[in-house]
Every structure is written in C-alpha cells, then in structure tokens.
Amino acid sequence: MASPHLLLLAGIGGLAPDEAIDSLSTLTDTVSVVYVTAWRPSDPVRASWEERGLRGEFLDAADLPAAVEAAAALHGRLPLDGVVTYSELLLRPQAEIAARLGLPGNSPEAVTVAQSKARQRLLFAESGVPSPGFEVITSERDLAAAAARVGLPGVFKPSLGAGSQNVRRVSTYAELIHAFTAARAEKTAFLQSDEAYLLEERMELEADGDSGYAAYYSVESLLVSGTAYHLAVSDRLPLEHGYAEEGVVLPSRLAPATRAAVTDVADRAIRAIGLTSGAVHTEIALTDEGPKIIEVNARAGGPLPVMFEAAAGYDYAAQIGRSALGLAPSALPDFDGVALLRFLPIPVGVWRIAAQTPVDRVLEAFPELVYVAPRFSPGQRVSRHGTLHLVSFLVKAPDVATARAVTRRVEEALDIRLVPGFDAPTGADRE
C-alpha cells in the first residue's frame, strides 16, 4: 500500500499523541489527527503534529459525535485507509468511523460489549467462558439480592470504567451500599454513561502465594481481520492498597503450560465478544479452578506500547497502526530484557505532598529509568478521586531481579512524603 492515509483519534488517555504520531509515521507520511477537545485544548498536540511535516489534516472535535462527523468529512476530501486510537475513551467513535467508512476495525456492537463489564459477564456466562460469579446492579433495589446471591465479601465495580477507579472489596452490606452511592456520585472522564454496576465473586488476586507476584496476569494481543496474534503475557505485582494497581512486569515468568492456558482463555473471551481488529488487553485471574477472565479491553493496556519498546525494541503502536490498515504484523516481539512499570498508590484518605525529589534528579541517578511520571507536585492535595496513584515509573533491565532491585531504589530516591489533610504542616509518611 503506497502512502496510506491513517487517522489518529486522540484527546485523552492511552499513548501520548506525539509518541503515537511518531510510530504511525513509520508506516506512512500521511497521518491526520482528529482531536477531541472535551477534556483539554489541542494546541500542544497540533504544534507537535505540524513540526513533523506530515501530510493530512489536524481537526478539532468538541465531542464524540463531532469526531465521527469530522472523520467522515475528511474522508470526502482525502480518503482514509485506516483509523486508530490508543484511548479507551475513544473506542466507540473509532468503531463508528470504521463501520461508516468501510475501514478495518471492530464493530460498534463488539466495542459496546468490550466497554461494558456487565455485558461481558452476561456474554461469558452464556458462552461458557470462565469468569467469576456476578450480579448486575442498576438501582438500590438490586443490592440486597446481589449480596445474597454472590455473597460477601465480594468485589464491587462500575460496568463502565478504567484504571480500577471505584473498584472495591466490600465485606458488609453497609460497605456495598456505600460503594454504590460513592460510585454513582463520582465524576468520570467518559463522555458516555452506563448505569450498571457489578457485584462479583471475590477472587484471591492480591498475591500468588509467596512468589512475589499477584495472582492475575494480562494477555497482550493484536487482531488483524479476525486473526489473533497473542504477543505476550505480563505479570502483576502484589496488591497492597486495595485494587489499586501496583506494577506490571513484561514478559511473564509463568511456565509455558500455564502461559498457554491463560492465553487460551483470553482467546476464547476475545472471540465471544466478537473483536476482530486492533490491540486487546485481557486481564485474567489464576484461581484454584483455573484461569478466569477479569475483563477484556479493546485497546492496548495503558503502558504496554512503551513497555514493549523497552523490553523487546518492539514498536507495538506501529503494529496497531498496521492492524488499522488490515495488515498483519510485520514482526512479533523478541524479548531481550525486562520492563517493570511501578505504580505508587495513594493511601486511603486526604493528603498533601510535603516533599518529593525532582524528576530530573531521579532520572540522572538511574540510567535504567525510561521515564518518571508524577501525578502531583509538592504542596498539592491528593486523594483517590480521579487517580489512584502518586507516580508511575518504568525501569528497563536485563532481568527481573535487577529490575525489582532498581525499582526499590527508585522508590526510595523519589522520597514522596505525605502529610494528612491539605493544611497540615506535619504528619505521617506514606506508611
């Protein structure tokens, strides 16, 4: 295909737009952008796109329907060959554009299921895909019956959500009522809504014995015209702050037979939903009864493109772009190192950042660091509303032992000190 025209949908979440544009420009010199401005202005991304001298157009869209219309109008001026996004929040307009213009992509129906944990659970139950017991909750009237059928303790979660926001273990009926009330009141970055919530059977995810890992994993897959390429399995660090993610390790240390079993369940779930195109990130619990699906996401796990680059020199973002053009991957990852992404969770409560080491000093001290991304600055008030983490950072190392050792040292060097409340002058640290 000579100089195909790729459209990037951007605006919030997923791979940084400038990194996405760089990856897509390895495939073609014609990359247009539709930027949804509902969350923030497009000016910095527009400037970055213009600096690269690419052919195509940069268009603003106020919301999701406007993004679809902008893409359709662009197609009339300069026909599109593919549309790609790396954002969970932009999957629906991507699917609608692909369907409307006859481009490779997932159907809007499949994406709707992939973005609804309630619909996923119902579909998996019908299809025999192993997943936890559950009840769908749409109003307060459903709470008592859900608690009776699923049992407590259980796991409460929104049907539409990302980043484990409002996912809680509930041990009593009073905690279930509180979780439901708080989740309904929480503002969300999603422009669409889903009034359903779930109470699920609690699976022991926190730790996999004394292995030093959590008991859940993710399968990273790439779909092209219905063919699945399962690229890797990634491990998770133990959960020590509720369901706030603690870290991701790529590639997995699982034995080949276990890795194959986890991948097989992911494949069954993907096919049940009807996904056929693009990246898929499937989270799976490893239970005494075998692997069970936690959730399927119709996009790359947030940090995974950068992690693939660090651990295998593999441009996952570009391969996702190839899928959007209906092209099979040009290569599969060959891991020659380990990438460890560490998240430092916010403790429950309201805090203020009393101190943290400047990023440039930490980067200078640790050549193994790919990046450090603090979510807050000293003096700012922090809580679990909006994000569950204080900072994330990515370590590249030749092996897991080295990666974990460096990670511990980076945590100490960051020296993030919290004090209670916004105005408190002294107080406890993160512990």
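How do the residues of the lining of the largest cavity divide into nonpolar, polar and charged? The points below start there. The model is a predicted one.

1. **Character of the largest cavity.** The lining divides into 13 nonpolar residues, seven polar and one charged. The cavity holds about 220 Å³ of space. It is the largest in a model where three cavities of 30 Å³ or more are counted.

2. **Who lines the largest cavity.** The lining takes in 21 residues. Nearest the centre lie Q94, N106, S277, G278 and A298. When inspecting the site, these five are the residues to display, as they mark the middle of the space.

3. **Elements around the largest cavity.** Four elements each supply at least two lining residues: β4 (82-85), α4 (91-101), β12 (278-287) and α11 (316-324). Helix α4 gives the most, with four residues.

4. **Helix α11.** Is α11 enclosed by the rest of the structure, or open? Eight of its nine residues are buried, so α11 is largely enclosed. The buried residues are Y316, A317, A318, Q319, I320, G321, S323 and A324. Buried here means under 20% relative accessible area. This helix is also one of the elements that supply at least two residues to the lining of the largest cavity. After α11 comes G326, with a positive phi near 80 degrees.

5. **Second largest cavity.** This one holds about 40 Å³ of space. Its lining consists of E88, A114, Q115, S116, K117, Q120, G161, E295, V296 and N297. Two elements give two or more residues each, α6 (117-127) and β13 (290-297). Strand β13 has the largest share, at three residues.

6. **Character of the second largest cavity.** By class, the lining has two nonpolar, five polar and three charged residues. For the largest cavity, the split was 13 nonpolar, seven polar and one charged. The two linings are worth viewing side by side, coloured by class.

7. **Second largest pocket.** About 520 Å³ of space lies in this pocket. It is lined by 21 residues, and the closest to its centre are N166, V167, R168, V348 and R384. The elements giving two or more residues are β7 (168-170) and α8. Which of these has the largest share of the lining? Helix α8 does, with four residues. The lining divides into eight nonpolar, eight polar and five charged residues.

8. **A nonpolar surface patch.** L152, Y173 and I177 form a nonpolar patch on the surface. Together they have about 220 Å² of accessible area. I177 lies in helix α8 (residues 173-185). Helix α8 also contributes to the lining of the second largest pocket. I177 is partly exposed, with a relative accessible area of 33%. Patch members need over 30%, so the 33% of I177 passes that cut-off.

9. **Cis peptide at P153.** L152, one of the patch residues, is joined to P153 by a cis peptide bond. Omega there is about 5 degrees. P153 sits in the loop between α7 (143-150) and β6 (154-158).

10. **Cis peptide at P251.** Another cis peptide bond joins L250 and P251, with omega at about 0 degrees. P251 is in the loop between β11 (247-250) and α9 (256-273).

11. **Positive phi at S225.** S225 is not a glycine, yet its phi is positive, about 50 degrees. The residue is in the loop between β9 (216-224) and β10 (227-236). Is S225 buried or exposed? S225 is exposed: its relative accessible area is 65%, and the cut-off for exposed is over 50%.

12. **Positive phi at D415.** D415 is likewise not a glycine and has a positive phi of about 50 degrees. It lies in the loop between α13 (400-414) and β19 (417-420). D415 is partly exposed, with a relative accessible area of 32%.

Technical notes:
Residues are numbered from 1 along each chain as its sequence is written. This is a predicted model: local features need pLDDT of at least 70, side-chain atom pairs count only at pLDDT 80 or more; totals for chains, interfaces and linings use all residues. Side-chain values use heavy atoms; hydrogens and water are left out. On a 1 Å grid over the protein atoms alone, a cavity is a set of points where a 1.4 Å probe fits but cannot get out, and a pocket is an open set with protein on both sides within 12 Å along at least five of seven lines; lining residues have an atom within 4 Å of a point. Grid points are joined across faces, edges and corners, and a volume is the space filled by probe spheres set on the points. Ala, Val, Leu, Ile, Met, Phe, Trp, Tyr, Cys and Pro count as nonpolar, Asp, Glu, Lys and Arg as charged, and the others, Gly among them, as polar. Buried means under 20% relative accessible area, exposed over 50%, partly exposed in between (1.4 Å probe, protein chains only). Patches are made of residues with over 30% relative accessible area and no salt bridge: like charges are joined within 9 Å, nonpolar side chains (Val, Leu, Ile, Met, Phe, Trp, Tyr) within 5 Å. Accessible areas come from the Shrake-Rupley method with a 1.4 Å probe; for residues, only the protein chains shown count as cover. A salt bridge is a side-chain nitrogen of Lys or Arg within 4 Å of a carboxyl oxygen of Asp or Glu.
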